[in-house]
Amino acid sequence: MSCPGTLSDALILPLADGAIEGNCTLIADLLIGVRDACDSVWVLPIDATWDASGCPVEPEIVTDTDTVCTGGCALLEAVPRGCGPTDITWLGTDGTVLNGAGPWEVCPAATTTYTATAVELASGNAGSTAVTVTVLNLGAWVQDTTLCPGQTLSLSAGNIQGEWTGNGVSGPPWVFDAAESGSGVHTIGFAAFGTASCSSETTVEVVNFQHPNNVATCPGSAPFALPGQPSSGVWSGPGVSGANFDPAAVVGPGQDTTILLTFSALGCAGTTTVHIEPAAPPIVFGNVCQSEPAIPLPFSPPGGWWSGPALSEDADAFLPEEATAGPVTLTYQMQGCDRVAMGVVLPIGVGPTRSSCPEQPPFVPFPGFFPPGGTWDGPGIAGQGSTTGLYDPGLVPDSQWSPLVYSAPNGCSDTLWMFNKQTAITPSTVHACASDTANLLLADGLQASPWCGQWNTLGMGNVTDLGDCQWATSAVDYATGEHLITYEVNTCTDTLRIVVHPDSLDLAPWTSCISDGAMPLPDMPLGALWSGPGVLGPSDSASWAWSPAEAGPGAHAVFWSSPAGCADDVSIEVESPPIWSTLSDTTLCFNDTPIAPPTPITSGISSAATDILWTLDGAPWTGDTTSAAIGSGSHTWAVTWAGVACQVSESWNVDILPELTVNLAVEDASLCPGAGTEATATITGGLSPQIGTDISWSDNGPPLATRTLLPSETSWWYVTVEDGCSDSATDSVLLTILAPFQAEVTAGPLACHGAPTTLLLDASQPAGTQHIFQGTALGAGPHVVDAVAGTAVEWTLIDTAQGCTLDTTLLVPGHPPLTAGFSVTPSSDCIAWDAQPIGLIDLSSGTESGQWSWSPVQVDGSTAEADSTGWATGTNPQLTLAFAGTWDITQIVQQEEGCADTLTQVICILPQTSIWLPDAFSPNADGSNDFFRPRGSGVSAWHMTIHDAWGRLVWEESQAGLPGGSALEPYTSAGYPIGWNGEGHPVGVFAVRLTATTDGGLPLLVEQSLRLVR
């Protein structure tokens, strides 16, 4: 509302519960009371209507759980936000479709996301919200099963962490053991850890299957029933009829054997061994004294059992000390026959175990020993004690057991064990709480030795005799503190300390500052302990104490406890002030990053409400600011905090660095087309030194402070610098590109490649442009210049007014280059006759048509004519020349425009080569075939070897440098015959190997057999 004396037409109504969360039409009906100058109140009705729009439309989803087990369900409900009618639909990723807000029960088979879409019918606005219901597949399930005793069942560990429980279960790894569970039906379960609490159950029935391992019987015993559970089980094996076994069916009289029987029931099976033996003779153990140890009894054959007096618990031994004096008979019972053991028990007795004190006078421990007339022996027995049993404790060391042996006239002996012990109480101290009514003399662990003495108090309290060596006293009969009572037995005594502790301390809680020193704790009776955070144990120079620094901040419970179990505690609050990590000078960059008062690394702990008060340069600091708003320079931050027991006041200096700036300067802001300029970014402020400052240019150029800028058009160029702390800084410059040259080139008539032609060079803009062609200044244009088709020329334009130049390389137009070219294969200087036909490989370029031709230059006495063939794309001619000698081969290539090129190569063809060897010769001096040698012509060199049948070399000869085309001569230049004459070798077959080189340089090899005849 307005201030007094003025007018207002507006009223601001704050909403008590916050913002409106629905698109609605809102109506406000108010009664406003206005007090006038006469103190009268005028009530004015005010109403207003307005629409709320733009509020969120997405519905709120309410669910009882977002995680279910396999087979489980969840409740989903969508709550619309608007005020008017809203249509809500649901769609699940599993295909579920629901209409309406719900609540809906969904039971997904797998993890499913449900999306609720709300549409406001009045506005048409729509929004969606989704919730995912996670399905936990337990994965731990075992089929109900039945087990026999001794069998085990492996249990799955499951897909999620959990545990199996139940009778017979152990693990992990999880196993059910029928031997541990016993027979019956057992329900075991798997429960998953976590909030979902998924579980599964399995029923395991362990069959009540029982049968004996052994059965004992005799050959002549009558048939008997075999014991086994369940009664429906089936026995099988020799001698079995139904559930009965007949020994006579498997063994004759007086014989023995062992039979293995099988018992089966409910899928289980086990074996029983039947031992058939004739009854053994009686066991006679003769005279046995009552003092003798147990006599073992044999279980032979296995499967029987002993009965009779004085047997051990397992009936596997006879106990003479428990038998009545006189004859005794025991029976080993089998199926249909028995075996006996017999003897005579002789009496003897010297009384129970006794105790004595080393200071006690001599005495007879057991005057009624029997039978009388025997003698005593042992430590402490002396003089008349050998017949009367008089025992002197003073002759025996303390804490020693003494065997007092009595030898009776009937040949038996017995021992009375005497414990000679100085009276002692262990432990010597007992603890109790003041209100404890329990009998302290029956406390666990308290031993008074020897037993059956008398208790007496020394001072306060009383001790009550309960009879039968039992006494009683309790803490309620004593005051808090230490008390003494005595124990007397066998005329010796010992003392017991009773420590009575208070039931509670009634200490009031208190608060300490963590910086306070240690304080003493109340002294307690002997054995009491203080424990808890901050408790300091007693030392030689000090008692119990408590330290807040050791306890740490927060609420603590300090406990007092006594050995008697009474205890108490006191609540202590340790207050701690906040701690800041920057309690030292700090440097900040100049930037617009919000700065709030530093958050302490520990917020401080106090039981009372506290405030942290900040100041910046002495003024209250309550909200966010920035280093840029504070400004560069030195500033002071300060903080105060006060609690119940602690107070803190801290301050520190903050230096804000200068603002980061950049200045962009260029050498020239007006540039010729294609020219560049050097730019320099000068950085000031920010971090110092400016190491690691990032520089970025608007053209994404290299991050350098100085670089060359190459604009393609008139444009602004920007540079931005960042040091990673300060606000980034940017500067810019406008680079203007001068008007470009308007150049034009007109070519003359198109000529063959390399032929002369002309160019018309002109530059209409800027006016007065000067021309330089191929290094020659031509002045202002236009100009007609001579050029060669297919070549590159240099043309330079100079704007004398602005100083701009344009260097251009021009390619003079012309027909494509035309080149004749081919290679000959084989590519040797002279080609052997046998190497024909000759291959001509076309290497020409730019060819559209042409001609191949060849003509003789010089042939060997023959007449040869020239010949030709047409050129075709992708065709490589093959030539076979008719005569040896020198030939010209020419390629002529042409283009349709009349361009042509020619190439001629000279080749030589070597004459033909022939060589052969006879397959027999007869060196008999008849002038015919007396020498074996190579025949023929056209070879320049040859080498021949001849070996006999054993591989031995018998002849070798060579010739080289023979004239080309000549026949092989039978004689050397000196007139000596060429070849082998076979001298000294018998007729037979030899191996010949001839290697030769033709006139054209080709190698030859001939290998054959040679027959020598006479």
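## Histidine 275 and its surroundings

In this predicted model, histidine 275 is part of strand β24, which covers residues 268-276. With a relative accessible area of 12%, histidine 275 counts as buried, because that value falls under the 20% limit.

The side chain of histidine 275 is engaged in a polar contact with the side chain of asparagine 214, at 2.8 Å. When residues up to four places away in sequence are set aside, histidine 275 touches Asn214, Val215, Ala216 and Thr217, together with Thr257 and Thr258, and also Pro301 and Pro302. Asn214, the partner in the polar contact, is thus named again among the residues that histidine 275 touches.

## The cavity

One cavity of 30 Å³ or more is present in the structure, and the volume of the largest cavity is about 50 Å³. Its lining is formed by Ala832, Trp833 and Asp834, by Leu910, Pro911, Gln912 and Thr913, and by Thr998, Gly1000 and Leu1002.

By residue class, the lining of the largest cavity comprises five nonpolar residues, four polar residues and one charged residue. The charged one is Asp834, because Asp belongs to the charged class, whereas Gly is counted with the polar residues.

## Confidence of the prediction

Across the protein chain the pLDDT averages 88, and 95% of the residues score at least 70. Confidence is lowest in strand β2 (residues 41-51), where the mean is 71, and highest in strand β18 (residues 214-217), where it reaches 95.

Notes. Residues are numbered from 1 along each chain as its sequence is written. This is a predicted model: local features need pLDDT of at least 70, side-chain atom pairs count only at pLDDT 80 or more; totals for chains, interfaces and linings use all residues. Side-chain values use heavy atoms; hydrogens and water are left out. On a 1 Å grid over the protein atoms alone, a cavity is a set of points where a 1.4 Å probe fits but cannot get out, and a pocket is an open set with protein on both sides within 12 Å along at least five of seven lines; lining residues have an atom within 4 Å of a point. Grid points are joined across faces, edges and corners, and a volume is the space filled by probe spheres set on the points. Helices (H or I, at least four residues) and strands (E, at least two) are DSSP runs, numbered from the N terminus. Buried means under 20% relative accessible area, exposed over 50%, partly exposed in between (1.4 Å probe, protein chains only). A polar contact is a pair of N or O atoms within 3.5 Å; within protein, one must be able to donate a hydrogen and the other to accept it, and residues adjacent in sequence count only if both atoms are side-chain atoms. Contact means heavy atoms within 4.5 Å. pLDDT is the predictor's confidence in each residue, from 0 to 100.
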